[in-house]
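Grab a pencil and work through these exercises with the structure open beside you. Each one sets a task and then walks through a solution.

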Amino acid sequence: GRKILSLVPKAAVLGIGCRRGKEAGVLEAFVTEVLEAHGIWPQAIVRVCSIDVKADEPGLLQLCRERALPFVTYSAEELMRVPGVFGSSAFVAGQVGVDNVCERSAVRGSENGTLLIGKTARDGMTAALALKKGMIHFE
C-alpha cells in the first residue's frame, strides 16, 4: 500500500450552542457526527466559539479540553453585530438575546469568514462551521 499524507489547514471555526447540563460525551458525539456528515477533518478546527453565557458550561469546556482547542465566547451584542444572513430562532433570542448562537459565533470566530455548515440541531445542541478567509500557501 501507498502511504497518503493529508495536509489539513487549521482554518475551521466551530460555533456551538447547547442547553444547560449537556454532557461532554453527548456533545462530542454530536460534533463528530456533524463533521463526518460534511467530510470535515476534526484537525481543521482552530477554535470553538459560543455566547458568553456558555463560558462556564462544563460539557463545552471539557469538549474543548479533550480536543485541545481554545473556547472563545462573545456577548449577545457582539453576535448580533456579525454581518450576514442567519437562521433565526425567537425562542433562542428570548433566552440569550441573540437569534442564532452557533452560526453567528462560528462566523465571528473566523473573523467574518464563510459559513460552510449552517445550523445543525439535535437534542438541545446546535453546531455550525465557518472557514477563515485567506489562501493556503505551500512553500
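**Exercise 1. Work out how β1 and β2 run relative to each other, parallel or antiparallel, and trace the path between them.**

Step 1. Look at the two strands side by side: β1 and β2 run parallel, and four bridges join them. Keep in mind that this is a predicted model.

Step 2. Pick one bridge to anchor your view. Leu14 is a good choice, with Val48 as its bridge partner in β2.

Step 3. Now follow the chain. From β1 it passes through α1 and on to β2, a β-α-β crossover that is right-handed.

**Exercise 2. Decide whether β1 is buried or exposed, and sort its residues by the way they point.**

Step 1. Check each residue against the cut-off: buried means under 20% relative accessible area.

Step 2. Count them up. Seven of the seven residues of β1 are buried, so the strand is largely enclosed by the rest of the structure.

Step 3. Sort the two faces. Ala12, Leu14, Ile16 and Cys18 point one way, while Val13, Gly15 and Gly17 point the other way. Whichever face you pick, its residues are buried.

**Exercise 3. Find out how β5 pairs with β1 and with β4, and how covered β5 is.**

Step 1. Start with β1. It pairs with β5 in the antiparallel sense, over seven bridges. Two spots to look at are Ala12, whose bridge partner in β5 is Leu131, and Ile16, which stands opposite Ala127.

Step 2. Move on to β4. This strand also pairs with β5 in the antiparallel sense, here over six bridges. Thr120 has Ala127 as its bridge partner in β5. So you've now met Ala127 twice: opposite Ile16 and as the partner of Thr120.

Step 3. Check the cover. Six of the seven residues of β5 are buried, which makes it a mostly covered strand.

**Exercise 4. Say what the backbone does at Asp123 and at Ala68, and where each residue sits.**

Step 1. Place Asp123 in the loop between β4 and β5. These strands form a hairpin with two residues between them.

Step 2. Read off the angle. Asp123 has a positive phi near 45°, in a residue other than glycine.

Step 3. Turn to Ala68, in the loop between α2 and β3. Its phi is positive too, at about 55°, although Ala68 is not a glycine.

Step 4. Check how open Ala68 is. The cut-off for exposed is over 50%. Ala68 has 65% relative accessibility, so it counts as exposed.

**Exercise 5. Describe the unit made by β2, α2 and β3, then place Gly59 within it.**

Step 1. See how the strands pair: β2 and β3 (residues 71-74) do so in the parallel sense, over four bridges. Across this pairing, Ser50 stands opposite Thr73 in β3.

Step 2. Add the helix. With α2 (residues 58-67), the two strands make a right-handed β-α-β unit.

Step 3. Find Gly59 in helix α2. Its relative accessibility is 4%, so it counts as buried.

Step 4. List what surrounds it. Leaving out neighbours within four places in sequence, Gly59 is in contact with Lys22, Glu23, Ala24 and Leu27. Gly21 is 38 residues away along the chain, yet the C-alpha atoms of Gly59 and Gly21 are separated by 7.0 Å.

**Exercise 6. Which residues does Gln43 touch, and where does it lie?**

Step 1. Locate Gln43 in the loop between α1 (24-37) and β2 (45-51).

Step 2. With 43% relative accessibility, it counts as partly exposed.

Step 3. Not counting residues up to four places away in sequence, Gln43 touches Val8 and Lys10. As for Pro9, its C-alpha atom is 8.0 Å from that of Gln43, with their positions 34 residues apart along the chain.

**Exercise 7. Describe the largest pocket: how much space does it hold, and what lines it?**

Step 1. Take the volume: about 380 Å³ of space lies in the largest pocket.

Step 2. Look at the lining, 17 residues in total, with Cys18, Arg19, Phe91, Val92 and Gly124 closest to the centre.

Step 3. Trace where the lining comes from. β1, α4, β4 and β5 each give two or more residues, and α4 provides the largest share, four residues.

Step 4. Sort by class: eight nonpolar, five polar and four charged.

Key: Residues numbered from 1 in each chain as written. Predicted model: local features only at pLDDT ≥ 70, side-chain atom pairs only at ≥ 80, totals over all residues. Heavy atoms only, no water. Buried < 20%, exposed > 50% of the residue type's maximum accessible area, 1.4 Å probe, protein only. Contact = heavy atoms within 4.5 Å. 1 Å grid on protein atoms, 1.4 Å probe; cavity = no way out; pocket = protein on both sides within 12 Å on 5 of 7 lines; lining within 4 Å. Points joined across faces, edges and corners; volume = space filled by probe spheres on them. Nonpolar A, V, L, I, M, F, W, Y, C, P; charged D, E, K, R; others polar. Pairing = 2+ DSSP bridges. Right-handed = clockwise from strand over helix to strand, strands pointing away.
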